[in-house]
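Here's a protein model to poke around in. Have a look at it first, and then we'll walk through a few of its inside and outside features together.

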Amino acid sequence: MSQTAGKVVGIFGDNQDELNSQVFANQLQIRLSQTAPDKKCVILSASDEESYKIAFDFFSMEQVPDIFVTQDIEKARYLTQASYFGSSSDCPIIFALSDNIPPVIKGLYCFPMNYAQLGLEVAEALLIAEPHEYKNNNVSVANRSSYLYTATPAVMSDDKSQISLNLLTLPSPSTTALKKLLPHFYRQTGIKVNLAIHPYDEVYQILSQLHLHPYYDLLRIDMACFPWFAERILRPLDKIGDGLTDLLSHFSLPTQQKFGLVNDVAYAMPFDASAQLLFYRKDLFEDTILKRMYYEKNR
């Protein structure tokens, strides 16, 4: 690894509360500082439940690691998925400890942790070594289990034209997920999508004066105001390109009518479903002082 190109090494280990994870990361840093002092280490750790989410954090860094070292094969798999969906470049080389045969992934060096075989090799080394060869109780066993697995490279669009779309949307978990998937969309299509994320009130103001914001191509609009704005500012789907209304056929007719049609014209595609609840204090509406204040203000 010390001779591998790249300046930043990403270390992805188990939860740092576990002693073996601390030792793994610390010893790797020490070894790299001795053999490759020009390389910078970035360490992220996660439990099994959080590993998939944390893997994306590597690819949102200002300087994405050029090389990865993972403590197990599962974390290597999460990195390849995070790279595929969260980066517009191929996944960097990964060095992974493994206790079984890994999946076929491009650029993955696996070091199987065969403890039974390791025990036999240590015992054999102890039995055949001369006394002076293992003084201080140190016996070195060579790692002969490094393999490179290759697979078909990720698909990349041949169209290099700088096409971009501007999407106005609301902050939500769906928007967060969409943001992570946009590099994958660019990788497949060559189209860059720029997100403009604004709270509900600001989105409403922008839609009310959309002629002042002609740069938006796509809108994620709330159902509460969709019927009001549809005919005023949106283009029917059958007027866009070769027509997008056929996509609505994947949804049931009630879903189309509630979330895509206004006066039987298709203006939108359902994006995500949510249950919205309104809570209010009944006693405030019965408060005589508040009633009077409201009356004086709005009479």
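What follows is a short tour of the nonpolar cores, the salt bridges and one side-chain contact.

Keep in mind that this is a predicted model.

Let's begin on the inside. In soluble globular proteins, nonpolar side chains tend to be buried together. Here, the largest nonpolar core has 19 residues, and the members that touch the most others are F12, F58, L79, I94 and L108. Several elements chip in with at least two residues each: the strands β1 (8-13), β4 (93-98) and β5 (108-112), plus the helices α2 (51-58) and α3 (73-86). Helix α3 gives the largest share, five residues. There's also another core, apart from this one, with 17 residues, including L170, F229, A230 and V262.

Now for the charged side chains. How many salt bridges does the structure hold? The count is eight, and here are three of them:

| Salt bridge | Closest N to O distance |
|---|---|
| R77 and E74 | 2.6 Å |
| D90 and R187 | 2.7 Å |
| D272 and R220 | 3.0 Å |

Take R77 and E74. Both sit in helix α3, three residues apart, so about one helical turn separates them. R77 is partly exposed, with a relative accessible area of 29%, and E74 is partly exposed too, at 36%.

The salt bridge between D90 and R187 has a longer reach along the chain. D90 lies in the loop between α3 and β4, while R187 belongs to helix α5 (residues 173-189), so this pair ties together parts that are 97 residues apart in sequence. Is each partner buried or exposed? D90 is partly exposed, with a relative accessible area of 42%, whereas R187 counts as buried because its relative accessibility is 3%, and the cut-off for buried is under 20%.

D272 and R220 make up the last pair in the table. D272 is found in the loop between β11 (265-266) and α9 (282-285), and R220 in the loop between β9 (218-219) and α7 (226-233), so they link parts 52 residues apart in sequence. D272 is partly exposed at 33%, but R220, at 18%, counts as buried.

Salt bridges can also join up: D14, D72 and K75 are linked in a network of them.

One more stop, at helix α10 (residues 288-298), where you'll find N298. What does the side chain of N298 reach? That side chain meets the backbone oxygen of Y294 at 2.9 Å. N298 itself is partly exposed, with a relative accessible area of 47%.

Conventions:
Residues are numbered from 1 along each chain as its sequence is written. This is a predicted model: local features need pLDDT of at least 70, side-chain atom pairs count only at pLDDT 80 or more; totals for chains, interfaces and linings use all residues. Side-chain values use heavy atoms; hydrogens and water are left out. A nonpolar core is a set of buried Ala, Val, Leu, Ile, Met, Phe, Trp, Tyr and Cys residues joined through side-chain atoms within 4.5 Å. Buried means under 20% relative accessible area, exposed over 50%, partly exposed in between (1.4 Å probe, protein chains only). Helices (H or I, at least four residues) and strands (E, at least two) are DSSP runs, numbered from the N terminus. A polar contact is a pair of N or O atoms within 3.5 Å; within protein, one must be able to donate a hydrogen and the other to accept it, and residues adjacent in sequence count only if both atoms are side-chain atoms. A salt bridge is a side-chain nitrogen of Lys or Arg within 4 Å of a carboxyl oxygen of Asp or Glu.
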